[in-house]
Amino acid sequence: MSDFPATTIGAVSLIQRGTCAFVQKLQNAVEVEKLYPNVVAETPRGDPNHMVLLGAHLDSVPAGPGVNDDGSGMSFQLELAEQLAKAGSPPRNKIRFLWFGGEEDGLVGSQYYAAHLSDTVVARTDMMLDTDMIASPNFARLVYDGDGSTFGSELAGPGGSGTIERVLTDYWSQRGMVSEPIPFDGRSDYVGFINRGIPAGGMHAAWYFARVKDAFPSEATAVNAKEGRAQLPVQIPGPRARPRPLSGSIDRCPGARAGAAARRGLR
Ligand SMILES: [Zn+2]
């Protein structure tokens, strides 16, 4: 859209000739809408009145390793689905697997999905577990601070989120492994679900920084790391790569978005 002047309404717009045919330019101009596909699957069995939503995102940014963010979360969910199927016995609760598009562009897919859940489904949903980055090479075991006991009640999840936090934290401590709380700071796909009052939680392993800094979330991890009980320096969330703009120049011919795909819109 940068090729277009800002004000064209009611005026004639002169566009400089680039490498694209004018037909292509025209198509690009009307096809700036971007597709953010969500992929949804659920177990055929399990109690539908106690649904568990699992969420990870399909997209990534050029600035960071997509294999971690969030190839790790989405493949974890795939593996979990396969193992569940292999196990043969149905899960106690119905599990819905959600793979979101457009997380990096502003949680687009998950916000859309959560906002369009019916009140009935929301009432039948026990929790949403977000998995966004669980394969960092210098990882941390970070558990969302569901009850706000560390980062304050204004950053706590809806009632029930504290229970999720406790279950995950206990899982690690029972195995002699440290974990750290992390705030619901609005950076991942849980946001839309929290906004609907659905208890949320999950694990996050942070992301890799080549330059090791002395950033420990807490004294406890620092001590544990020194004593060899924890993995090495943990990166607490810092500024992250900003998403790419939604549309590029209309002169980028080979990159012309598939118009049909764009028109299919969000599902
Ligand atoms: Zn992510």
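Which residue in E6 is the bridge partner of Leu-142? Select Leu-142 in this predicted model and look across to E6, where the bridge partner is Glu-180. The two strands involved, E5 and E6, pair in the parallel sense over 3 bridges.

From there, widen the selection to the whole sheet, which is open, has 7 strands with mixed pairing, and follows the order E1-E3-E2-E4-E7-E5-E6. Its edge strands are E1 (39–42) and E6 (180–182), each of which pairs on one side only. If you view the sheet along its strands, keep in mind that neighbouring strands are turned by 20 degrees against each other on average, with direction ignored.

Next, select E7, which stands between E4 and E5 in the strand order. Towards E4 the pairing is parallel and runs over 4 bridges, and here Thr-131 stands opposite Met-203 of E7. Towards E5 the pairing is antiparallel, over 2 bridges, and Met-203 appears again, now as the bridge partner of Val-143. E7 is mostly covered, with 5 of its 5 residues buried. Colouring the strand by face shows Ala-200, Gly-202 and His-204 on one side and Gly-201 and Met-203 on the other, all of them buried. In a regular strand, side chains alternate between the two faces of the sheet.

Keep Ala-200 selected and add Met-128, Phe-193 and Ala-205: among the 37 residues of the largest nonpolar core, these four touch the most other members. At least two residues of this core come from each of several elements, including strand E2 (47–57), strand E4 (125–131), helix H5 (161–173) and helix H6 (191–195). Centre the view on Met-128 and, leaving aside residues up to four places away in sequence, you will find it touching Leu-53, Gly-55, Tyr-190, Phe-193, Ile-198 and Ala-200. As a general background to such a cluster, nonpolar side chains in soluble globular proteins tend to be buried together.

Two helices complete the tour. Select H3 (108–115), another contributor of at least two residues to the core, and highlight its buried residues, which are Val-108, Gly-109, Ser-110, Tyr-113 and Ala-114. Which elements do the buried residues of H3 pack against? Showing the surroundings of the helix brings up E2, E3 and H6 as the elements that they pack against. Finally, select H2, residues 71–87, and follow this helix as it lies across E1, E2, E3 and E4, running at about 140 degrees to E2.

Definitions and conventions. Residues numbered from 1 in each chain as written. Predicted model: local features only at pLDDT ≥ 70, side-chain atom pairs only at ≥ 80, totals over all residues. Core = buried A, V, L, I, M, F, W, Y, C linked by C-beta atoms within 7 Å. Buried ≥ 20, exposed ≤ 12 C-beta atoms within 10 Å, placed from the backbone. Contact = placed C-beta atoms within 7 Å. Pairing = 2+ DSSP bridges. Axes fitted to C-alpha atoms, helices over the stretch in contact; angles between N-to-C directions.
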